[in-house]
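Student: I've got a chain on my screen and I'd like to talk it through with you. Can we go step by step?

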Amino acid sequence: MYIFSPYSGDVERNACQARAYSRFAVAKHSIPIAPHLLYPQFMDEDTERELALFMGIVLLGKCDEMWVFGGTISEGMTAEIARTKKQRKRIRYFTEELEEVTK
């Protein structure tokens with residue numbers, strides 16, 4: 001499943017949170033895909049952002065579900081959630097405390 005959570009802003013905290021969300025998915029017997037943790041390791045945000053977004057879209061197409069974590073939904077996240085809805089994939093929402101909420 002595709003892990004979706006904020007990354008920009010407080011990058012250190014947000015990356016730590018994304019790792020915790022990915023671990024949560026493993027505990028739930030799922031395979032987490034978290035491109036926002038992977039791509040910053042070897043891609044430049046300023047010059048390769050569009051390519052990274054495209055690659056994330058490709059990965060999203062391979063996932064059955066999107067899990068959205070946290071209460072902050074950025075503009076970029078809003079676009080990805082809309083794309084996921086167009087693909088008719090299941091979207092689940094969780095708080096930062098890993099509690100599922102309905103939207």
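Tutor: Sure. One term before we start: two residues are in contact when heavy atoms of theirs lie within 4.5 Å. Keep in mind that this is a predicted model.

Student: Okay, then which residues does alanine 15 contact, leaving aside its neighbours within four places in sequence?
Tutor: Use that 4.5 Å cut-off on heavy atoms. Skip the neighbours within four places in sequence, and the contacts of alanine 15 are Tyr7 and Leu37.

Student: Let me zoom out. In what order do the elements of the protein chain run from the N terminus on?
Tutor: The protein chain has four helices and four strands to place. Read from the N terminus on, the order is β-α-α-α-β-α-β-β.

Student: What radius of gyration does the protein chain have, next to that of a compact globule?
Tutor: For a sense of the dimensions, the C-alpha atoms fill a box of roughly 35 × 30 × 25 Å along the principal axes. With 103 residues, a compact globule would have a radius of gyration near 13 Å. The protein chain agrees with that, because its own value is 13 Å.

Student: What share of the contacts with a separation of 6 or more comes from residues 24 or more positions apart?
Tutor: Count the contacts in the protein chain with a separation of 6 or more, then pick out those between residues 24 or more positions apart. That share is 61%.

Student: Now the inside. Which element gives the most to the largest nonpolar core?
Tutor: In soluble globular proteins, nonpolar side chains tend to be buried together. Here the largest nonpolar core has twelve residues, among them Met1, Ala15, Tyr21, Trp67 and Phe94. Two elements give two or more residues to this core, strand E2 (65–69) and helix H1 (11–27). With five residues, the one that gives the most is H1.

Student: And how many residues are in the second, separate core?
Tutor: Phe4, Met77, Ile81 and Ile91 are included in this second core, which is separate from the one we just discussed. Its total number of residues is ten.

Student: Back to H1. Is serine 22 buried or exposed?
Tutor: Serine 22 sits in helix H1. Not counting residues up to four places away in sequence, serine 22 touches Ile3, Pro32, Ala34 and Leu37. Its relative accessible area is 12%, and the cut-off is under 20%, so serine 22 is buried.

Student: What about arginine 19: how does its accessibility class come out?
Tutor: Arginine 19 is also placed in helix H1. Its relative accessible area is 48%, and the class between 20% and 50% applies, so arginine 19 is partly exposed.

Student: Where is histidine 29, the non-glycine residue with a positive phi of about 65 degrees?
Tutor: At 77% relative accessibility, histidine 29 counts as exposed. Its place is the loop between H1 and helix H2 (35–38).

Student: And which loop holds arginine 88?
Tutor: Arginine 88 has a positive phi too, near 60 degrees, and is not a glycine either. With 78% relative accessibility, arginine 88 counts as exposed. The loop that holds arginine 88 is between helix H4 (75–86) and strand E3 (90–94).

Student: Last one, on charges. How far apart are the mean positions of the positive and negative charges?
Tutor: The protein chain has 14 positive and 15 negative charges. Take the mean position of each set, and the distance between the two is 10 Å.

Note on methods: Residues numbered from 1 in each chain as written. Predicted model: local features only at pLDDT ≥ 70, side-chain atom pairs only at ≥ 80, totals over all residues. Heavy atoms only, no water. Rg over C-alpha atoms; globule rule 2.2 N^0.38 Å. Lys, Arg positive; Asp, Glu negative; His and termini not counted. Charge placed at Lys NZ, Arg CZ, Asp CG, Glu CD. Core = buried A, V, L, I, M, F, W, Y, C linked by side-chain atoms within 4.5 Å. Buried < 20%, exposed > 50% of the residue type's maximum accessible area, 1.4 Å probe, protein only.
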